[in-house]
Amino acid sequence: MPFTEVSMSTINLEQLAQSQKANAQVMMTLVRTAFHGLEQLSALNLAASRELFNSSANGAQKMLEVKDPKELGSIAGEMARPSVDKLMEYSRSLYDLSANMQREITSVMEEQYSNMRHNAAGLIDKTGIASPIAGDVFGAAMKQMMNASTTAFENISQMAKQMTDIVDTNVKAASNATAQAAAALTPKK
């Protein structure tokens, strides 16, 4: 009997160690994804800041060169369109970055959930074999719990996809509206 307890403890410790290792790998993947996203966001913001500075400097230079006050309106209109386009490009890039990060994180979480569900199913089967009478009740309860958690996870995943679709539609609608507004600002020649 003591040998069985030692064997069970060794198996449990091995399973615990494997579980901890898997959790550490998932955390490292999520941290890498977050750092990669922050790097991309920093690069995007730096490029946008540089572009804003250059545009402002060029616009100020053009304004200083104006000799006739009537030209100010046309110069302002000429500067508005590229600025709006750059703002929309920045917004799209920011949206794409966040959507990609969300997809990567969702993928990792789906894989982790799938592994957990597979391991739990194996544990339920092992428990049922070890103790057939009590195992049937335990197994049925655990399977019902796993089915409920699977349904909940699928519902959450579906809601996340719907939210992404809604945001995507809104970004496209805002892009179109802004483009139309910018076109109205651009002076006709």
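## Exercises on a three-helix model

K86 and E51 are joined by a salt bridge whose closest N and O atoms lie 2.8 Å apart. Before we dig in, some ground rules: this is a predicted model, where local features need pLDDT of at least 70 and side-chain atom pairs count only at pLDDT 80 or more, while totals for chains, interfaces and linings use all residues. Residues are numbered from 1 along each chain as its sequence is written, and side-chain values use heavy atoms, leaving out hydrogens and water.

### Exercise 1: the salt bridge

Work out which parts of the chain the K86–E51 pair links, and how accessible the two residues are.

Step 1. Start with the rule: a salt bridge needs a side-chain nitrogen of Lys or Arg within 4 Å of a carboxyl oxygen of Asp or Glu. The K86–E51 pair, at 2.8 Å, is such a bridge, and the count by this rule comes to 1.

Step 2. Place the partners. K86 is in helix α2 and E51 in helix α1, 35 residues apart, so the pair links distant parts of the chain. Helices here are DSSP runs of H or I with at least four residues, strands are runs of E with at least two, and both are numbered from the N terminus.

Step 3. Check accessibility. Buried means under 20% relative accessible area, exposed over 50%, and partly exposed in between (1.4 Å probe, protein chains only). K86 is partly exposed because its relative accessibility is 32%; E51 counts as partly exposed too, at 34%.

Step 4. As background, side chains of opposite charge can pair when their charged atoms come close.

### Exercise 2: the overall layout and confidence

Describe the fold elements of the protein chain and say where the confidence is lowest and highest among them.

Step 1. Count the elements: 3 helices and 0 strands, running α-α-α from the N terminus.

Step 2. Look at confidence. pLDDT is the predictor's confidence in each residue, from 0 to 100. The chain averages 75, with 76% of its residues at 70 or more.

Step 3. Compare elements. Helix α1 (residues 2–64) has the highest mean pLDDT, 79, and helix α3 (residues 132–185) the lowest, 70. Over residues 1–9, though, the pLDDT is below 50, and beyond near neighbours in sequence this stretch has 0 contacts in the model. A contact means heavy atoms within 4.5 Å. Where pLDDT is low, the predicted coordinates should not be read in detail.

Step 4. Add the chain totals. Of the 189 residues, 14% are buried. Among contacts between residues at least 6 apart in sequence, 81% join residues at least 24 apart.

### Exercise 3: two faces of helix α1

Find out whether T33 and V31, in helix α1, are buried or partly exposed.

Step 1. Take T33: it is buried because its relative accessibility is 8%. Leaving aside neighbours within four places in sequence, T33 contacts M101, E104 and I105.

Step 2. Take V31: at 34% relative accessibility, V31 counts as partly exposed.

Step 3. See what V31 belongs to. Together with M27, F35 and L38, V31 forms a nonpolar surface patch with about 390 Å² of accessible area. Patches take residues with over 30% relative accessible area and no salt bridge, joining like charges within 9 Å and nonpolar side chains (Val, Leu, Ile, Met, Phe, Trp, Tyr) within 5 Å. The areas come from the Shrake-Rupley method with a 1.4 Å probe, and for residues only the protein chains shown count as cover.

Step 4. For scale, the whole chain exposes about 14,000 Å², with carbon and sulfur atoms supplying 64% of it.

### Exercise 4: what sits beside helix α3?

Identify what Q102 and V171 touch, not counting residues up to four places away in sequence.

Step 1. Q102 lies in helix α2 and touches A160 and T164. Its C-alpha is 9.8 Å from that of K161, 59 residues away in sequence. At 27% relative accessibility, Q102 is partly exposed.

Step 2. V171 lies in helix α3 and touches R92 and Y95. Between V171 and M88, 83 residues apart along the chain, the C-alpha separation is 9.2 Å.
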